[in-house]
Amino acid sequence: MGLVNWGRPTDRPMAKEMAALLAGAAAIALCMPAAKAQQATQPAADQQSDQTKKTDQKSAGDSTLLDKILVISRTGETAIQSLASASHVDKEQLERRMATTPNEMLLGVPGVAVQADARRVSSSINIRGLQDFGRVAVIVDGARQDFQRSDHGTQSTFYVDPELIKSVDVIRGPVANTYGSGAIGGVVFFETKDAGDFLKPEETWAGSLTGRYETNGKGWTTSASGAYRFNENWDVLGNIVYRDYGDYKNGGGDTVAGTGFDVLSGLLKTTIRPTENSELKLGWVGSKDGWTETSGGVPANDVDLKSNTFTARYNITDDAKSWLDLHINASYNKTLLDLTTLVPQNRFDPTTGLPVVLPAGSLSTFDVGTTGIDIWNTSRFETAGIAHELTYGGDWVGDDVETGGTAGGDSFYTPSGKRNVSGAYVQDKLTWEWLEVITGLRYDNYSLKDSEHETSGDRLSPRVTVGVSPFENAGLAGLQFYGTYAEGYRSPSLTETLISGNHPAGVTFPFLPNPNLKPETGKTVEFGVNYKQNDIFEGGDALRLKAAYFNNNVEDYIDGVTLSAFDPTSGCPFGPGIPICFQYQNFAKAKINGFELESVYDAGWGYAGFSASIINGHTISYEGERADLATIPSSQVTAQLGLRFLEDRLTVGGEVQYNGKPKGNPVAKDYTLVNAFASYQATDNLKLDVRADNLFDVKYTNPLNASTTAVLYEPGITLKLAATMRFGG
């Protein structure tokens, strides 16, 4: 139904010259008199106001990732405070990983996997075995990313450059139903950089230049940032990134054709504070990407993609943040992908099924626009000694999909149409001494249509969470247990409902639309524990731990089914040359369960982290037939260690990750990856980074790519070198 390998190998001298220029500037800066290096500590995050606190001293409880305020949180919680499976990846981690793709940004986050095929510029996120068609809500600065293109492998992809991101928040499971409809798997929220994070308190302006080289694929990255503070209530930040990568080599030393790409990305963001208690953020994130799809190692299609996201976020509170903590978010995301054939291709006409030749230069277009509005308020008050955090609001997302081009082109299999999804919710968090109770109710409504079909539906989804902190003695005072029952509701997508026509290449068979698809309903039971303790082995150290077991039953689960034309009960029309049909159908349920663990120990000398996730899942048909779920990712165990030297100016460390083969996956194998890194703040103006990924050159494949038409092996050993020069005044 499409082609497998993607990439545009390029050799652009401009990127190399710019990177060489940056390296020269970095060398000059290195020769300057050394100034006192910035400390690598992070601000405290036990209260929302602490996000702006500046400190040069590490203290217990303010240094671990699980203590950072979740940007996605609607009540100002940290991950360790959250009675849910929540994770946070901060700026320091992102810089240390020197990420080229979202997969690298989310390394070691339990329950999360990323599928990218060879299109390293685009990704699809999997949470707890659920993926594609909105099961995981991917949000950039409040804007839903709903681009979708029918193909083998990934279906729903998003485009964001890691260089523009300052933090990532993840909430797993349908407890995230206050963040929009359909997220029965969870939510991933990418927050882009702010001028306030870049400028020092005494600075009016600042800039930085980064040059980076990667050995595998001979990839160059050039990044330039600039920020300006007009006054204490108004600042602006701009960032531009250019990447130029050739085809990489896998762990066996073989070049993987079609994995190169070049991408130009940008960010423009301003923050305005009209009053002491209000804030307006306006932002734009965009990218222009190019790569070449290959078939059998031969270039087949030229791909050009433009993605633009516009956001406006407004927050106003009363002086005490009691009754008024109002947020109004509006967004628009536009993704346009043009696919141009490079050589004549033998195809089947999507309407007649007869053989046709798609001429070189034929164009297919995929134009997806997503508009969103999200409004909520949190009121904080007490009744009879019980503290309440009452959150209530509503949201609406509209997808407008237009595809077109030459008959027989790929766009025919991604249907045009419109989908509207809306919802309203209320949630109350009650706290009384050692007891916390969260109750919530969400109402969802959807409608979708094209020129011939129209369908709609609605539902109420509840959530109940109970958390207890029963111990008072010093060693166990930070131990908390919780249990949750939550439901989520996902409407069918346009493609699942309306796809039609004949398979384009290889073997011809028809796709059948299914306007009678039922929405999916996720019903999750989760039991978890949070543990928080300071000053364990030495003053100022901190231990944080989160663990959870979950059981998710997705009723009326939707998946693609191959039907036999020789079975009169299948619904596949019998006719000359039609052996099978393909259709998205409901299953009685998908049953997914697993265990997740995330922990970190932080002290002055360094940190150690350990995370794990084990996920199992299968579908059950209405006739009771059981089958392995193809979207179950590897079971993972990840250990991380970092050591700090030279008054925190130098950090060195590494990561080890074991990946266990999912049950029933035909291409996956067990494998272990080892990475190493070092980061050195040479002066106030110069930072040097080095990283080695897949240090032992393991040849492995992402098990989520089992649905592609050929085995795709991931990059082998990759050495990354970077220098960042900063200046300001």
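**Entry 1: an exposed phenylalanine**

I began with Phe-527, and I noted that Phe-527 is exposed, with a relative accessible area of 52%, where exposed is the word for residues over 50%. I should write down at once that the model I am reading is predicted. I then looked up where Phe-527 sits, and found its place in strand S26, which covers residues 520–534. Phe-527 also helps to make a nonpolar surface patch of about 530 Å², together with Tyr-485, Val-525, Tyr-549, Phe-595 and Ile-614.

**Entry 2: confidence**

Before going on I checked how far the model can be trusted, and I found a mean pLDDT of 86 for the protein chain, with 88% of its residues at 70 or more. Over residues 1–61, however, the pLDDT is below 50, although this stretch has 150 contacts in the model beyond near neighbours in sequence. I reminded myself that where pLDDT is low, the predicted coordinates should not be read in detail.

**Entry 3: strand S5 and its partners**

Is strand S5 buried or exposed? I found that 5 of the 5 residues of S5, residues 136–140, are buried, so the strand is largely enclosed by the rest of the structure. In a regular strand the side chains alternate between the two faces of the sheet. In S5 I could follow this residue by residue, since Val-136, Val-138 and Val-140 point one way while Ala-137 and Ile-139 point the other way, and all are buried.

Next I looked for the strands that pair with S5. With strand S8, residues 186–192, the pairing is parallel and runs over 5 bridges, and in S8 the bridge partner of Val-138 is Val-188. With strand S6, residues 143–144, the pairing is antiparallel and has 2 bridges, and here Ile-139 has Arg-144 as its bridge partner. S5 and S6 form a hairpin with 2 residues between them, and Asp-141 in the turn has a positive phi of about 50°.

**Entry 4: salt bridges**

Side chains of opposite charge can pair when their charged atoms come close. I looked up the number of salt bridges and found 45.

Which residue forms a salt bridge with Asp-141? The partner is Lys-269, and the closest N and O atoms are 3.8 Å apart. Lys-269 lies in strand S12, residues 261–272, and Asp-141 in the loop between S5 and S6, so the pair ties together parts that are 128 residues apart in sequence. Both Lys-269 and Asp-141 are buried, and both belong to a network of salt bridges that links Asp-141, Lys-166, Glu-191, Asp-194, Asp-197, Lys-269, Lys-281 and Arg-313.

Arg-144 forms a salt bridge with Asp-146, with 3.8 Å between the closest N and O atoms. Arg-144 is buried at a relative accessible area of 11%, and Asp-146 counts as buried at 15%.

I also looked at Asp-90, which forms a salt bridge with Lys-68 at 3.7 Å between the closest N and O atoms. This pair links distant parts of the chain, 22 residues apart, with Asp-90 in the loop between strand S2 and helix H2, and Lys-68 in the loop between helix H1 and S2. Asp-90 counts as buried at 7% relative accessibility, and Lys-68 is buried with a relative accessible area of 7%.

**Entry 5: an open sheet**

Last, I traced an open sheet of 4 strands in the order S24-S25-S29-S28, with mixed pairing. S24 and S28 stand at the edges, each with a single partner strand, so one side of each is left without a neighbour in the sheet. S28 pairs with strand S29, residues 580–586, in the antiparallel sense over 7 bridges, and Ser-564 stands opposite Ile-580 in S29.

Conventions
Residues numbered from 1 in each chain as written. Predicted model: local features only at pLDDT ≥ 70, side-chain atom pairs only at ≥ 80, totals over all residues. Heavy atoms only, no water. pLDDT = per-residue confidence, 0-100. Contact = heavy atoms within 4.5 Å. Patch = residues over 30% accessible without salt bridge, like charges linked within 9 Å, V, L, I, M, F, W, Y side chains within 5 Å. Areas by Shrake-Rupley, 256 points an atom, 1.4 Å probe, with all protein chains shown as cover. Salt bridge = Lys/Arg side-chain N within 4 Å of Asp/Glu carboxyl O. Buried < 20%, exposed > 50% of the residue type's maximum accessible area, 1.4 Å probe, protein only. Pairing = 2+ DSSP bridges.
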